[in-house]
Every structure is written in C-alpha cells, then in structure tokens.
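Hi,

Here is the structure I promised to pass on. Have a look at it first, and then read my notes underneath.

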Amino acid sequence: MNFSTSKRLLTLGASLAALSLGSVAQAQDKNVMIKMSSWVPAQHALNPALQAWGESLKKASGGSLNTTLFPSEQLGKAFDHYDMARDGIADFSYVNPGYQPGRFPIFAATSLPFMITNAKAGSAAVDAWYRNYAAKEMKEVHFCFAFVHDPGAFHSRKKIVSPTDIKGMKVRPATATVGQVITMLGGTNVQASAPESRDMLERGVADAITFPWGSLTLFGIDKVVKYHMDVPFYVTPFVWVMNKDKYTALSTTQKAAVDSHCTSEWAEKVGSAWADFEMAGHTKLAADTNREVYKLTPDQIKAWKDAVAPAEKQWGEDVKKRGEDPAAVMNALRQSLAKYKSAM
C-alpha cells in the first residue's frame with residue numbers, strides 16, 4: 001500500500017468516525033418536554049395547527065422534543081401569555097401583543113385598520129416583516145413566528161354604518177390599536193379578553209365588539225349580537241414565542257429543529273388553518289336570517305378610511321418614542337404585504 005492510498009484511507013476513516021460520533025450525539029439528545037400554551041378553547045381551529053406544528057417539531061428532532069398543548073387558559077390568562085413565556089410558565093406561548101397597550105408599538109402596525117386582506121399570505125408577510133424588529137421589541141423571549149387571523153369586523157347590538165355611529169358606544173376592541181380608533185371616534189373602550197367578551201356584551205357593559213367571524217360563534221358571542229358589518233376592518237396579529245432559557249438549554253440539533261419550525265412558511269401554515277375556520281364562520285352567519293350581515297357602499301368605506309387615518313399618525317408617534325423611524329417601518333410592512341399579495 002503506497003503512502004497516497006494510506007492517506008486516503010485514513011482521511012475516509014476519520015470522516016466516517018466523525019459521522020458516527022455525530023449520529024451518536026444526535027441519538028443521545030436527551031428527551032425534552034415542551035409545554036405549549038394556548039388560551040383559546042380546546043375546540044378552536046388554531047389548536048390543531050399548533051399540535052401539528054409540535055408533531056412536526058418532534059419528528060425533526062429525532063423524537064427528542066416532545067410537545068404537549070395546554071389550551072383554554074390552563075396555564076394562565078390570555079393577557080399573561082407573553083410573560084408566561086418570558087418566565088418559563090410555558091415553553092411556547094400563543095400571544096396577542098395587542099392585549100397590552102403600548103408595550104409592542106412596532107408590531108401594532110399590523111393591526112391598523114384596512115391594512116391586510118387575508119390571513120394566509122398575510123401571515124407570511126407579517127412574519128417576514130417583523131423578523132427585522134422582534135429581537136429588539138420582544139427581547140425577553142425567543143421569537144418563533146408571527147401570524148394573523150382572517151379580517152374581523154364590527155359585531156354589535158345596534159347597527160353601525162358610519163364612523164359617527166361609534167360616538168357614545170362602548171366597544172370591546174380586538175387590540176390596543178383598534179382601541180385607539182374607538183377613542184378617536186368618540187367611543188369608550190371596554191377591555192376584555194376573548195373568553196370574557198360574551199359576558200361583557202350580555203351584561204350590557206359593551207355594545208359592540210371587533211372580532212373575526214368563526215370565533216364569534218365559538219366564544220358564544222353570536223348569541224348576544226345581531227348586526228355584523230361585512231367589511232375587512234382589521235386583523236389581529238399574534239406571535240408564537242419561546243422561553244429563552246429553554247431554547248438555550250437545547251442541544252445543537254434540537255435548536256436546529258426549532259429554527260426550522262420558526263419560519264414564515266410555518267407562520268402561513270398556522271394562519272391558513274385558522275383562516276379557513278373564520279371564513280366558514282362568515283358563511284354560516286351570513287346565512288342566518290335572524291341577524292343582519294350588511295356590506296358598506298364605496299362612499300361609506302371611504303368615510304371610514306378617512307376617519308381612522310389619524311390612527312397611523314398616533315402609531316408613528318409611539319414608534320418614535322422607541323427610537324425607530326415610523327416611515328421606514330411602515331414602508332417595510334407595506335412592501336412585505338405587497339410582495340405576498342395581501343395588502344388592502
């Protein structure tokens with residue numbers, strides 16, 4: 001055997017040994033239990049999508065990452081889910097950042113009225129855009145992805161047609177940004193999480209709510225409202241975030257598995273499952289002859305857009321206070337929405 005052949009055999013042997021050691025290391029990854037928290041009811045369309053995400057994560061990790069989903073606020077209230085991920089009460093949390101006014105002003109851009117037309121491509125667009133800001137604005141957690149629900153509208157005990165109709169009304173807003181719009185139009189905000197909203201309306205504490213269509217029935221809110229403005233007024237943006245220490249403690253291969261599931265593609269998958277549910281809810285309510293589902297004329301829509309326009313200016317002031325350029329942030333969002341064909 002000559003020197004050249006011997007050298008090649010030694011190199012091949014070293015490579016095989018390295019591969020073998022890598023396989024052993026992967027095989028020896030310790031099993032990790034992952035607690036995932038969702039505050040929506042167990043039967044909500046979001047939960048199967050999150051479970052499918054968890055099952056795919058387990059497969060990608062070679063079976064070492066085992067997820068369990070806790071729905072229906074089992075681990076904590078809807079308002080607390082960001083801090084639950086931060087503090088390790090949950091390893092992954094489904095968060096509505098709009099439940100905490102002023103805390104995440106950059107992300108709030110996506111809940112401005114008349115921005116997004118659909119939740120499928122819209123989820124990918126929002127996620128791709130927010131990745132440039134999440135590490136700074138949500139630095140206490142490990143950001144996984146962002147997504148939105150299908151456009152929601154006003155659902156009320158009395159008919160709302162014009163923005164002037166909001167004056168004097170008590171409205172449960174979906175997000176802090178929508179809440180600013182309500183205040184701007186002369187209404188009063190009634191703060192309540194989704195699971196608490198039916199009770200607020202039933203007791204007359206609120207006159208109207210902004211909500212997506214399928215979830216309206218799921219939470220029983222359809223039982224206490226009769227009028228439904230059929231216009232894509234807003235979307236609520238959400239995030240799926242992880243406890244930082246939990247991520248840091250994972251092995252290299254386990255981190256890679258998590259990273260491969262924290263993408264814009266997964267944001268769209270999760271958003272799409274929910275979108276189908278909400279659209280089916282719209283069809284069901286529109287067919288109910290005991291309620292009024294009504295569209296607006298082009299002039300009426302223009303009146304609404306004109307009336308809510310100052311909300312973007314207020315959003316910009318909030319973003320400036322965080323040291324960001326609101327024009328640049330908004331331009332980046334609009335470009336992402338246009339790229340994904342989901343802009344209003």
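Below is what I found, going through the sheets, the disulfide, the helix pairs and a couple of backbone oddities.

One thing before you start: this is a predicted model.

**The five-stranded sheet**

Let's begin with the open sheet of five strands, which has mixed pairing and the order β2-β1-β3-β10-β4. Its edges are β2 (65-70) and β4 (142-148); each has a single partner strand, so one side of each is left without a neighbour in the sheet. From one strand to the next, the twist averages 20 degrees.

If you zoom in on the β4 edge, you'll find six bridges joining β4 to strand β10 (residues 237-242), and the two run antiparallel. A handy landmark in that pairing is Phe-145, which stands opposite Trp-240 in β10. Helix α11 (residues 264-286) packs on this sheet and touches β3 (92-95), β4 and β10. The direction of α11 makes about 40 degrees with that of β4.

**The disulfide**

How many disulfides does a search of the whole structure find? It finds one, and it joins Cys-144 to Cys-262, with an S to S distance of 2.1 Å. The angle about the S-S bond is -95 degrees, which makes the link of Cys-144 and Cys-262 left-handed. Cys-144 lies in strand β4, while Cys-262 sits in the loop between α10 (252-259) and α11, so the pair ties together parts that are 118 residues apart in sequence. As a reminder, such a link is a covalent bond between the sulfur atoms of two cysteines, in case you need to set it up explicitly in your topology.**The six-stranded sheet**

There is also an open sheet of six strands, again with mixed pairing, in the order β7-β6-β8-β5-β9-β11. Here the edge strands are β7 (188-189) and β11 (292-294), and each pairs on one side only. At the β7 end, two bridges join strand β6 (residues 170-172) to β7, and these strands run parallel. Lys-170 stands opposite Thr-188 in β7. Helix α7 (residues 194-202) packs on the sheet, where it touches β6 and β8 (208-211). The direction of α7 makes about 155 degrees with that of β8.

**Helix pairs**

Three pairs caught my eye, and two of them share helix α13.

- α12 and α13: the axes of helix α12 (residues 298-308) and helix α13 (residues 310-320) come within 5 Å and cross at roughly 25 degrees. That angle makes α12 roughly parallel to α13. In the contact, Asp-306, Ala-307 and Val-308 of α12 meet Pro-310, Ala-311 and Glu-312 of α13. Sorted by class, that gives four nonpolar, no polar and two charged residues.

- α6 and α13: the axes of helix α6 (residues 176-184) and α13 come within 10 Å and cross at roughly 125 degrees, which makes α6 oblique to α13. The crossing of α6 past α13 is right-handed. Gln-180, Val-181 and Met-184 in α6 meet Pro-310, Ala-311, Gln-314 and Asp-318 in α13. The contact of α6 with α13 divides into four nonpolar, two polar and one charged. Pro-310 and Ala-311 of α13 meet residues of α12 and also residues of α6.

- α4 and α14: the axes of helix α4 (residues 120-130) and helix α14 (residues 326-339) come within 8 Å, crossing at roughly 145 degrees. The crossing of α4 past α14 is right-handed. On the α4 side, Ala-125, Ala-128 and Trp-129 meet Val-329, Ala-332, Leu-333, Ser-336 and Leu-337 of α14. This contact has seven nonpolar, one polar and no charged residues.

**Backbone oddities**

Which residues other than glycine have a positive phi? Glu-73 is one of them, with phi near 60 degrees, and it is found in the loop between β2 and α3 (81-87). Lys-341 is another, with phi near 55 degrees, and its place is in the segment after α14. For context, most residues other than glycine have a negative phi.

That's everything from me for now. Shout if anything is unclear.

Cheers

Terms used
Residues numbered from 1 in each chain as written. Predicted model: local features only at pLDDT ≥ 70, side-chain atom pairs only at ≥ 80, totals over all residues. Heavy atoms only, no water. Pairing = 2+ DSSP bridges. Helix = DSSP H or I, 4+ residues; strand = E, 2+ residues; numbered from the N terminus. Axes fitted to C-alpha atoms, helices over the stretch in contact; angles between N-to-C directions. Contact = heavy atoms within 4.5 Å. Parallel < 35°, antiparallel > 145°, perpendicular 65-115°, else oblique. Nonpolar A, V, L, I, M, F, W, Y, C, P; charged D, E, K, R; others polar. Left-handed = near helix turned anticlockwise from the far one by under 90°. Disulfide = S-S within 2.5 Å.
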